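Visitor: Please give me a close look at one part of this structure. I would like to hear about the charged pairs, and then about a helix close to them in the sequence.

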Amino acid sequence: MKTPQLTVLASVYKGETYLEPYFEQLENQSLFPETEIVFVANVPSAQEQSALAAFRQRYPEQVQVIEVPRESLGASWNRAWQAARAPLLAMWNIDDRRQPDSLERQVSALNQNGWALSYGDYISVAAYGEEQGARRSTPHYNPAHFARAFAQGGAFWVLRKDLAARIGYFDEQFRTAADMDYSFRIAANRLPMGRVDGILGYFTDAEQGLSTREGGQEAAIERAVVQLRYGVFDKVQPGGQLAAKQFRLDHVQSFGEWQPVASLVPSYASFLRWRKPLRALGIIRRAVRSLLARLGLLNLLHGKLRREI
């Protein structure tokens, strides 16, 4: 096979139920003939090994399989990223489903516009195979907004492989927030991202996959780490700074090596210094929220905002 246009990065962990439907989804993609797939199988079962071997035998020039001990999703993505042959990479977990033309739409838009990353709307469903759920309506890209909020979510990305040479790989310290951290890093570098119109796919939010199975407390801690790293001090919840001490905020870990965040984000010290006043804003913000909660107005206000949106 000539150099593929796109490499799909797929982490597998306890995925026996999803592999065969995932293979079918891949084959149904309009861009499949020009796509490579790198599977990173975390402690694969005999059934997973057999299924992956059979799929690789069908498409020996398009499929790679890497077996590893149990590791974080970010670590598996990094392995697949490093092994990828294509200039573009697609994040596609095996328990999520894509529209048949979604990869082609994202690749076309990314190439036409010179974006670093493309994203779009998707449906969050409670069980694999369902199509009724909550639509994640993603906003158009604004660097200032995306440097403070994970506005597009982590599902169904397509990004450039050479981003790693500019801003590094995923931080393997994270178990659940590697994609959030990377999104903030792209925005902090003011690199362009772009939104593709239409539904890209169906995200299974059933707390069964590698990306959703971790506990809510761990996710909250990692969210605080990302916010502290990029100076979103006003959004850090009480106790977040103390819990974040188990992480190296000023370094990114990938492939067992540590890289200073200052080497990945331009003028990083100045970037954080200008955001220090947000700490005081955060104290005020939490005090107001606490008052509204005591008065029974917080949920009412949230409901009104959701209706207006």
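Guide: What follows goes through salt bridges one pair at a time, then turns to one helix.

This is a predicted model, in which local features need pLDDT of at least 70, side-chain atom pairs count only at pLDDT 80 or more, and totals for chains, interfaces and linings use all residues. Residues are numbered from 1 along each chain as its sequence is written, and side-chain values use heavy atoms, with hydrogens and water left out.

Start with the count. The structure holds 13 salt bridges. A salt bridge here is a side-chain nitrogen of Lys or Arg within 4 Å of a carboxyl oxygen of Asp or Glu.

Take arginine 85 and glutamate 36. Their closest N and O atoms are 3.1 Å apart. The two residues belong to distant parts of the chain, 49 residues apart. Arginine 85 sits in the loop between H3 and strand E4 (88-91), while glutamate 36 is in strand E2 (residues 35-42). (Helices, H or I with at least four residues, and strands, E with at least two, are DSSP runs numbered from the N terminus.)

How open are these two? Glutamate 36 is buried, at 1% relative accessible area. Arginine 85 is partly exposed, at 36%. Buried means under 20% relative accessible area, exposed over 50%, and partly exposed in between, using a 1.4 Å probe and protein chains only.

Next come arginine 79 and glutamate 71. In this salt bridge the closest N and O atoms are 2.9 Å apart. Arginine 79 is partly exposed at 35%. Glutamate 71 is buried at 11%.

Now aspartate 234 and arginine 148. Here the closest N and O atoms of the salt bridge are 2.8 Å apart. Aspartate 234 lies in the loop between helix H8 (216-229) and helix H9 (240-243), and arginine 148 in the loop between helix H5 (143-146) and strand E8 (158-160), so the pair ties together parts 86 residues apart in sequence. Aspartate 234 is buried, at 4%. Arginine 148 is partly exposed, at 26%.

Salt bridges can also join up. Asp121, Arg135, Arg195 and Asp197 are linked in a network of them.

Finally, the helix. H3 covers residues 73-83. Eight of its eleven residues are buried, so H3 is largely enclosed by the rest of the structure. The buried ones are Leu73, Gly74, Ala75, Ser76, Trp77, Asn78, Ala80 and Trp81.
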